[in-house]
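Subject: The model you asked about

Hi,

Here is the structure I promised to pass on. Have a look at it first, and then read my notes underneath.

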Amino acid sequence: MEMKTEQAVAWIEKANALIQSNKEYLTELDQAIGDGDHGLNMSRGFQEAEAKVSGTDYDTVADVFKDVATVLMSKIGGASGPLYGTAFLKMSMTVKDKDPVTEANLADAVEAALNGMKQRGKAEQGEKTMIDVWHPVADFLKNGQNVQADKLEETAERAMNETKDIVATKGRAAYLQERSKGHVDPGSTSSFYLFQALADVWKK
Ligand code: ADP
Ligand code: MG
Ligand code: MG
């Protein structure tokens, strides 16, 4: 796949659609091991991000990602806003001057996003956070040439499901200690929707 501004905007539109239709589910997941606002946070943030990017003419993919970052940082309260904001800001910086954005560029962008989020949230893989989805996806994109969209989606989905067995050591769920086990992490689930949306754009 090569990503131009149309595909970047389509990614955000599809991600928003998935988040809006799974808003209640994200709320339930966060009610179980957090404070119950992840559905609201994500739906508000992506609604605004989508409105912004679909109503703007862009010259570069980097500019699309930069606007998404700005909106997410200002509209999403809680842990996930600054983290997703950082992800899109790092992706924007990585694809600056790349037109179109190639698969290799996108792999670099996702890796930069992962590193930025790890730094921002001080979380490593295995702490039951969205990092647990971004990490294997970054590895998958890095290792693959001619990435298959289905495999991308599968990688993210498996990683999301695997957070169920983890005891949280970062974020609000960490307060529950052992009782955080048995629940899928909300942020890993919203990250799965993000990569499911990317896979969808990839197929077209
Ligand atoms: P809050 O926890 O502040 O209410 P949200 O509910 O919107 O914010 O987001 C919660 C999600 O954020 C968690 O499910 C987890 O995936 C992610 N998260 C929380 N803390 C961290 C962290 N330090 N590093 C990475 N991700 C984190
Ligand atoms: Mg929450
Ligand atoms: Mg909160």
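What follows is a run through what I found, going from the overall fold to single residues.

Before anything else, please keep in mind that this is a predicted model.

**Overall fold**

The protein chain has 9 helices and 0 strands, so the order of elements from the N terminus is simply α-α-α-α-α-α-α-α-α. The radius of gyration is 16 Å, close to the 17 Å that the globule rule gives for 204 residues, so the protein chain is as compact as a globular protein of that length. If you want dimensions for a figure, the C-alpha trace spans about 45 × 35 × 30 Å along its principal axes. Of the 204 residues, 51% count as buried. Taking contacts between residues at least 6 apart in sequence, 65% of them join residues at least 24 apart.

**What UniProt says**

An unreviewed UniProt entry puts the feature "domain: DhaL" at residues 6–200. In the model that stretch is 69% helix and 0% strand, and its end C-alpha atoms are 13 Å apart. UniProt also lists a "coiled-coil region", again from an unreviewed entry, at residues 142–169. Here the span comes out as 57% helix and 0% strand, with 27 Å between the end C-alpha atoms.

**The core**

Which residues touch the most other members of the largest nonpolar core? They are Phe65 and Val68, in a core of 61 residues. Helix H9 gives the largest share of this core, with 9 residues. As for Val68, once residues up to four places away in sequence are set aside, it touches Ile12, Ala49, Val53 and Phe88. As background, nonpolar side chains in soluble globular proteins tend to be buried together.

**Around the ligand**

Ligand 1 is surrounded by 24 residues, and the closest are Gly78, Gly121, Thr129, Gly171 and Gly187. By class, the shell holds 7 nonpolar, 10 polar and 7 charged residues. Four helices each supply at least two residues of the shell: H3 (38–54), H5 (80–94), H6 (103–121) and H9 (186–203). The largest share, 3 residues, comes from H9. That makes H9 a helix to keep in view, with the largest share of the core and the largest share of the ligand shell.

**The loop between H6 and H7**

Two lysines here deserve a look on the screen. Lys122 sits in the loop between H6 and helix H7 (131–143), and Lys128 is in the loop between H6 and H7 as well. Neither is a glycine, yet Lys122 has a positive phi of about 55° and Lys128 has one of about 65°. Are they buried or exposed? Lys122 counts as exposed because it has 9 C-beta neighbours inside 10 Å, where exposed means 12 or fewer. Lys128, in contrast, is buried, with 27 other C-beta atoms within 10 Å.

**A cis peptide bond**

While you are checking backbone angles, go to the peptide bond from Asp99 to Pro100, which is cis with omega near -5°. Pro100 lies in the loop between H5 and H6.

**Around H2**

Two acidic residues are worth picking out in this part of the chain. Glu24 is in helix H2 and counts as exposed, with 10 C-beta neighbours inside 10 Å. Its C-alpha atom is separated by 9.3 Å from that of His38, 14 residues apart along the chain. Asp35 is in the loop between helix H2 (23–33) and H3, and with 11 C-beta neighbours inside 10 Å it counts as exposed too. Leaving aside neighbours within four places in sequence, Asp35 is in contact with Asp30 and Arg172. As a longer-range reference, Asp35 and Met160 are 125 residues apart in sequence, and their C-alpha atoms are 19 Å apart in space.

That's everything from my side. Shout if you want to go through any of it together.

Cheers

Key. Residues numbered from 1 in each chain as written. Chains lettered and ligands numbered in written order. Predicted model: local features only at pLDDT ≥ 70, side-chain atom pairs only at ≥ 80, totals over all residues. UniProt positions renumbered as here; feature names shortened; annotations may be inferred. Near = placed C-beta within 6 Å. Nonpolar A, V, L, I, M, F, W, Y, C, P; charged D, E, K, R; others polar. Core = buried A, V, L, I, M, F, W, Y, C linked by C-beta atoms within 7 Å. Buried ≥ 20, exposed ≤ 12 C-beta atoms within 10 Å, placed from the backbone. Contact = placed C-beta atoms within 7 Å. Rg over C-alpha atoms; globule rule 2.2 N^0.38 Å.
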